[in-house]
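Me: I've got a model open and want to poke around it with you. Can we take it bit by bit?

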Amino acid sequence: MLDTLRELTSLESPSLEKAPADHCCEFLADLWLQRGATVGIVKNEKRGNLLRVVWNPPAAQPRAQLFVLGHYDTVYPTGTLAKMPFRLDGGKAYGPGTFDMKGGIVQALFALDAIRELHLAAQKRIVFLWTSDEEIGSATSRKLLEEEAQRSEAVFVLEPSLGPRGLLKTSRKGVGEARLIVRGRPSHAGLAPEKGINAIHELAAQITRIEKWNNPRGGVSINADVVTGGSRTNVIAERAEATLDLRAWKETDMRALEKRLYALKPVHRGAKLDIRGGFDRPPLEPKHSAALFARAKSIARTLGFSLGEAAAGGGSDGNFTAALGVPTLDGLGAVGDGAHATHEHVVVDAMPQRAALLASLLTSC
Ligand SMILES: [Zn+2]
């Protein structure tokens, strides 16, 4: 498993660089081919190609399908390996993308090995999909992964687990991004200030209003995280814009927040508001994952470890599949820490354990 992880990590696969990503995709395709799976590379014009792998149990013609979902892209640009090489230290394997989520892909490969070599009683077709743009919002893979989810009885997402105990993610916040664009009227700040409408002042007033919608206890958050506006100090600002990060645990809260946002009215006379965007990943709510988690928990017990669950503030592609009503269990990937950070690593001893958990889930569902 470590050799595979080392090789996979050495093939840098940034979401925004197609050529190296495609190269990594081809390497992965070979690994699945070697395991007797049917492999299809789905061409992607802008981002790395997608890898769809189908494994049919040798026994009867399967009537149902299970779906294993993950991404091979990372947030690290080419060249990161030079500063952050793959290395083993104290039972941990460090390197860019090890935890999020190449370790998870390796676990899936070895889960299939276990199913094949131990002749575990798989009843259903297993489709694995490895996407290339999860870290940038999944614009070019969303359709395909949603179609695959709709054909499936359950979705297993190999995103990293949470914390040192490797908790599974049984709920995830819905996540969105909106733009609040203000148009005012420019004027000389000294000669004719009364003729201007200050877009920055208007935006500031709106942000003060929006800030009050935050409800930390209910898990609703709205934050202006990027603002731009104005041209120079003696000109009353004609335009200002804020990019807002939106998050909520519940779909009803998500809709309510969007509705409030789109209902904003200008504070300053003559200012114009233009609101765009909104939630793009709906929440993964516990009702989508509860049954699968209960099964995973009891399997873990028979494998000799206890499995916990947690809620995650960030979204993943599991949000999309859950929103379709397909049972989804997320966080089944590596145990480790430091996603998107210089100390990113996986806990080596947990890799075979999590692979065994996935193999058992895929043969008992
Ligand atoms: Zn990820």
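Me: Starting with Ser 138, where does that one lie?
Reply: Ser 138 lies in the loop between strand E6 and helix H5 (142–150). Helices (H or I, at least four residues) and strands (E, at least two) are DSSP runs, numbered from the N terminus.

Me: Before I go on, what kind of model is this?
Reply: It's a predicted model, where local features need pLDDT of at least 70, side-chain atom pairs count only at pLDDT 80 or more, and totals for chains, interfaces and linings use all residues. Residues are numbered from 1 along each chain as its sequence is written, and side-chain values use heavy atoms, with hydrogens and water left out.

Me: OK, back to Ser 138. Is it buried or exposed?
Reply: Ser 138 has a relative accessible area of 0%, so it is buried. The cut-offs are under 20% for buried, over 50% for exposed and partly exposed in between, using a 1.4 Å probe and protein chains only.

Me: And what's its phi?
Reply: Near 65°, which is positive, and Ser 138 is not a glycine. Most residues other than glycine have a negative phi.

Me: What about His 119, where does it lie?
Reply: His 119 is in the loop between H4 and strand E6 (125–131), just after H4. It has a positive phi too, about 50°. At 69% relative accessibility, His 119 counts as exposed.

Me: Now the metal. Which atoms coordinate the zinc ion?
Reply: His 71 through NE2, Asp 100 through OD, and Glu 159 through OE, listed twice, at 1.9 to 2.7 Å. Donors are N, O and S atoms within 2.8 Å of the metal (3.2 Å for Na, K and Ca), and water is not among the atoms, so sites may look incomplete.

Me: What geometry does the site get?
Reply: Irregular, with angles of 51 to 143° among the 4 donor atoms. Four donors count as tetrahedral if all angles lie between 85 and 135 degrees; four count as square planar and six as octahedral if opposite donors are over 155 degrees apart and all others between 65 and 115; anything else is irregular.

Me: How are the donor residues spaced in sequence?
Reply: The pattern is H-x28-D-x58-E. Asp 100 sits in helix H4 (residues 98–117) and Glu 159 in the loop between strand E7 (154–157) and strand E8 (168–172), so this pair ties together parts 59 residues apart in sequence. Asp 100 and Glu 159 are both buried.

Me: Which way round is the peptide bond from Asp 100 to Met 101, cis or trans?
Reply: Cis, with omega near -5°. Most peptide bonds are trans. Met 101 is in helix H4 as well.

Me: How many residues of H4 are buried?
Reply: 16 of its 20, so H4 is largely enclosed by the rest of the structure.

Me: Switching to pockets. What volume does the largest pocket have?
Reply: About 580 Å³. A pocket here is an open set of points on a 1 Å grid over the protein atoms alone, with protein on both sides within 12 Å along at least five of seven lines, and lining residues have an atom within 4 Å of a point. Grid points are joined across faces, edges and corners, and the volume is the space filled by probe spheres set on the points.

Me: Which residues lie nearest its centre?
Reply: Glu 134, Glu 135, Arg 281, Gly 314 and Gly 315, out of 30 lining residues. The elements giving two or more residues to that lining are H4, E8, strand E12 (272–281) and strand E15 (336–337).

Me: What does Gly 336 touch?
Reply: Leaving out residues up to four places away in sequence, Gly 336 touches Phe 99, Gly 163, His 345, Val 346 and Val 347. Contact means heavy atoms within 4.5 Å. Gly 336 lies in strand E15 and is buried, with a relative accessible area of 9%.

Me: And Ala 311, which strand has it?
Reply: Strand E13 (residues 309–312). Ala 311 is at 42% relative accessibility, so it counts as partly exposed. With the residues up to four places away left out, it touches Leu 162, Ser 171 and Trp 249.

Me: Last one: how many helices and strands does the protein chain have?
Reply: 10 helices and 16 strands. Of the chain's 365 residues, 53% are buried.

Key
On a 1 Å grid over the protein atoms alone, a cavity is a set of points where a 1.4 Å probe fits but cannot get out, and a pocket is an open set with protein on both sides within 12 Å along at least five of seven lines; lining residues have an atom within 4 Å of a point.
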